[in-house]
Every structure is written in C-alpha cells, then in structure tokens.
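Got a structure to walk through, with a few questions to keep us honest. Have a look at it, then follow along.

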Amino acid sequence: RRSSDLLEDLARAAAFLRARTKPGALVATTVPEVAIEADREVLPGLDMGKFGLTEEIPEDRALRLKMATPASLEQAFRGGQISAIVLSQSRNWNFGWSAPSLKSTSPAALARLRRALDDGWRVAYANDRYLVLLPR
C-alpha cells in the first residue's frame, strides 16, 4: 500500500471523527494518530496506542505509568465519558497484547471488552485502516 493511501485513510477517519465529536472530546483509541489529527483528546492510558494496555501491572501502578488495564478500559467503554472509540483494522493492534511483555491479552479480558463494545457502541465509519465507533 502506498503511503499516500495511508495518509488519505488517516485524513478521512480524522475528518469523520472531527465532524461527529465536539472539540476537546475524549477518544479511546489504539491508533492515537487519528485523535491527534482530529484535534481530540486521547483517553489517559492510551497515549501509546496499541502498546498502552497491560494485564501484568497492578492497576494503581498502571495508572501512574499512564497505561490502561482491561478494567479501566471496560469502565471507560461503559461510563459515558468518551465520545468515540477509534480502532485499527489490524485486529491484533486492538488490545491484543499486554505491555511490557507483549504476551497475548487473556481471552477473558478480550471477551469483557468486546461485550462492552457490543453493548454500547456501533461502527459509524470504516476505511481500509481505521474504524470509528460512536455510541448507540
């Protein structure tokens, strides 16, 4: 894939996000470049995108290290404080591994996150690289 196509996908996803969220809106994302391009805030803990999730570090320490845990993500997905969720079309980038070891995230944690997404979110935009979910 050409880099210009990648930049076009990024620009289109960011334009969609910008058009459907308010300035300063909080976004949960594994691909923070979309939120940044849209001038939206990244959910604390996901600043490192796909490397921001940990199951290995206790929650209090993870928060100090600015990392997310499955529990904190599930709470964010269900809590109403985020305006959108932006994910990668590369499935394993979406909370598929735990930092720092990069071992696979547990199936139980992924199932809880998936239920939270299914319960409250819908895919509102998709291109070859990105998915933008908005509240149901």
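Q: Leaving out residues up to four places away in sequence, which residues does Ser 98 touch?
A: This is a predicted model, so we're reading computed contacts here. Ser 98 sits in strand β4, residues 97-98. With sequence neighbours up to four places away left out, the residues it touches are Leu 53, Thr 54, Glu 55, Glu 56, Lys 103 and Thr 105.

Q: Is Ser 98 buried or exposed, and what is its relative accessible area?
A: The cut-off for buried is under 20% relative accessible area. Ser 98 falls below that, so it counts as buried, with a value of 1%.

Q: Which residue has its backbone nitrogen 2.8 Å from a polar atom of the Ser 98 side chain?
A: Look among the residues that Ser 98 touches, which include Leu 53, Thr 54 and Glu 55. The backbone nitrogen at 2.8 Å from a polar atom of the serine's side chain belongs to Glu 55.

Q: On which side of α4 are Pro 70, Ser 72, Leu 73, Ala 76 and Phe 77: the same side or opposite sides?
A: Those five residues of α4 are buried. An α-helix has 3.6 residues a turn, so residues three or four places apart point the same way. Here the buried ones cover an arc of only 165 degrees around the axis, which puts them on the same side.

Q: Which residues are exposed on the other side of α4?
A: The buried residues of α4 pack against β1, α3, β3, α5 and β6. Across the helix from them, the exposed residues are Gln 75 and Gly 79.

Q: What residue follows α4, and what is its phi near?
A: The helix runs over 70-79. Next comes Gly 80, with a positive phi near 85 degrees.

Q: Which residues does Ile 85 contact, apart from neighbours within four places in sequence?
A: Ile 85 is among the residues that touch the most other members of the largest nonpolar core, a set of 35 residues. Its strand, β3 (84-88), gives two or more residues to that core. Beyond its sequence neighbours, its contacts are Ala 28, Phe 77, Leu 117, Trp 121, Leu 131, Val 132 and Leu 133.

Q: What is the bridge partner of Leu 87 in β7?
A: β3 and β7 pair in the antiparallel sense, over 4 bridges. β7 is mostly covered, with 5 of its 6 residues buried. In that strand, the partner of Leu 87 is Leu 131.

Q: Which residue stands opposite Val 132 of β7?
A: β6 and β7 run antiparallel and are joined by 5 bridges. They form a hairpin with 3 residues between them. Opposite Val 132 stands Tyr 125.

Technical notes. Residues are numbered from 1 along each chain as its sequence is written. This is a predicted model: local features need pLDDT of at least 70, side-chain atom pairs count only at pLDDT 80 or more; totals for chains, interfaces and linings use all residues. Side-chain values use heavy atoms; hydrogens and water are left out. A nonpolar core is a set of buried Ala, Val, Leu, Ile, Met, Phe, Trp, Tyr and Cys residues joined through side-chain atoms within 4.5 Å. Buried means under 20% relative accessible area, exposed over 50%, partly exposed in between (1.4 Å probe, protein chains only). Contact means heavy atoms within 4.5 Å. Two strands pair if DSSP finds at least two bridges between them. The arc is that of the directions from the helix axis to the C-beta atoms. A polar contact is a pair of N or O atoms within 3.5 Å; within protein, one must be able to donate a hydrogen and the other to accept it, and residues adjacent in sequence count only if both atoms are side-chain atoms.
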